[in-house]
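This report walks a new reader through a few places in the structure shown below, beginning with one residue and its surroundings and then turning to helices.

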Amino acid sequence: MKWLVTGGAGYIGAHIVRALNTAGHDVVVLDDLSTGLRRKVSEGVPFIQASILDTDAVTSALRTGLIDGVVHLAAKKSVEESVHNPHLYFEQNVLGMMSLLDAVKAAQIHHFVLSSSAAIYGSPDGQRVSEDTTPLPVNPYGQTKLAQEWLLADLVNSGYDLSWTALRYFNVAGAGADDLGDTGVFNLIPMVLRALDQGQAPQVFGDSYPTPDGTCVRDYIHVQDLADAHVAAVAHVESGSRSSVFNVGRGLGFSVLEVLDAVRAVLGRSFDHQIAPARAGDPASLVAAVGRIDTELRFSAHRDLTDMVASAWSAWQAFPPR
Ligand code: WQD
């Protein structure tokens, strides 16, 4: 089967494109390059520069490209930015998804893998979050990702034949290759590396959370493991599985302070950090229950926090974000 990857020139998307190609799938990339980088799409991979909001352009790409399925990543994904600019997030992530699904119907596409997010859970109680937890997003980003899942489920309930899977990403970090590092600098590890590059103390957004050391706990997963999870999800959807949702994480939580210590160990240098005010929209802890993806897709992540920090640092040095 042939897959269109929207957002395939982005940090996560570019890893997924290469992993799908390595697994023998035909892939076409559609990206508006608003945050993605053209250099991240390998030579020989067909590339279409377009916005998912341009329904006609997407329909044409699906039809002329003889596409069988869509892996959808093109979206805005910063929790902090979504709090300050919710309208932008609903326009890109919800209207964009509606436009893409109009194109999917027009081109009669029947296979879909959605990049969803742990942000839909909000601030759940308990140690690990299972897929059966009631979604209660606490920020606009999480609201828009939940709306994307609703749009898929409602499209099927309306009678459209679609085999779809949603992957609820936890915190993605690291790089599968030096040219694929996270140049967005919206997330903890690249923000720490940028602060250090600028001779500044990295900031810790709040240290009074109800967690062991008072700082937020997240479930970090290496971006290469995440890409491998998409190869498994594509195979699952190609087999004709009906709608399914999977957490994608490691089932292990690390606090912000523990991540800073991992950075110190990998860089081999000590540095101070600065406690800053808590960030609006941040849940105290988000750690995945990962039994379902292990059982149903036979997938489990195997790279650890040190791998994530070391690969992020190597990519940062090779291709410093502009
Ligand atoms: C992690 C923790 C910050 C920077 C991410 C993605 C989102 C979604 C869920 C996929 C938070 C703290 C950060 C800094 C800090 N993933 N922090 N100092 O907010 O958990 O969301 O995962 O859909 O797309 O954004 O990730 O890396 O921004 O923050 O203390 O300089 O680190 O407050 O507690 P977040 P993050």
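In this predicted model, Ser-116 is in contact with Lys-145, Glu-149, Ala-166, Leu-167, Arg-168 and Tyr-169, when its neighbours within four places in sequence are left aside. Ser-116 itself belongs to strand β5, which covers residues 111-117, and because its relative accessibility is 1%, under the 20% cut-off, it counts as buried. With one of these contacts, Glu-149, the side chain of Ser-116 forms a polar contact of 2.6 Å.

Two helices, α1 and α7, pack against each other with their axes 8 Å apart and at an angle of about 55 degrees, which makes α1 oblique to α7. Their crossing is right-handed. On the α1 side the contact involves Tyr-11, Ile-12, His-15, Ile-16, Ala-19 and Leu-20, and among the residues they meet in α7 are Val-223, Leu-226, Ala-227 and Val-234. Taken by type, the residues of this contact divide into 10 nonpolar, three polar and one charged.

Helix α6 offers another view of burial, since its buried residues are Ile-189, Pro-190, Val-192, Leu-193, Ala-195 and Leu-196. The elements that cover these buried residues include β7, α8 and α10. After α6 comes Gly-199, whose phi is positive, near 70 degrees.

The helices named with their residue ranges are gathered here.

| Helix | Residues |
|---|---|
| α1 | residues 11-22 |
| α6 | residues 188-197 |
| α7 | residues 223-238 |
| α8 | residues 256-267 |
| α10 | residues 305-318 |

Conventions
Residues numbered from 1 in each chain as written. Predicted model: local features only at pLDDT ≥ 70, side-chain atom pairs only at ≥ 80, totals over all residues. Heavy atoms only, no water. Helix = DSSP H or I, 4+ residues; strand = E, 2+ residues; numbered from the N terminus. Buried < 20%, exposed > 50% of the residue type's maximum accessible area, 1.4 Å probe, protein only. Polar contact = N/O pair within 3.5 Å; in protein donor to acceptor, adjacent residues only side chain to side chain. Contact = heavy atoms within 4.5 Å. Axes fitted to C-alpha atoms, helices over the stretch in contact; angles between N-to-C directions. Parallel < 35°, antiparallel > 145°, perpendicular 65-115°, else oblique. Left-handed = near helix turned anticlockwise from the far one by under 90°. Nonpolar A, V, L, I, M, F, W, Y, C, P; charged D, E, K, R; others polar.
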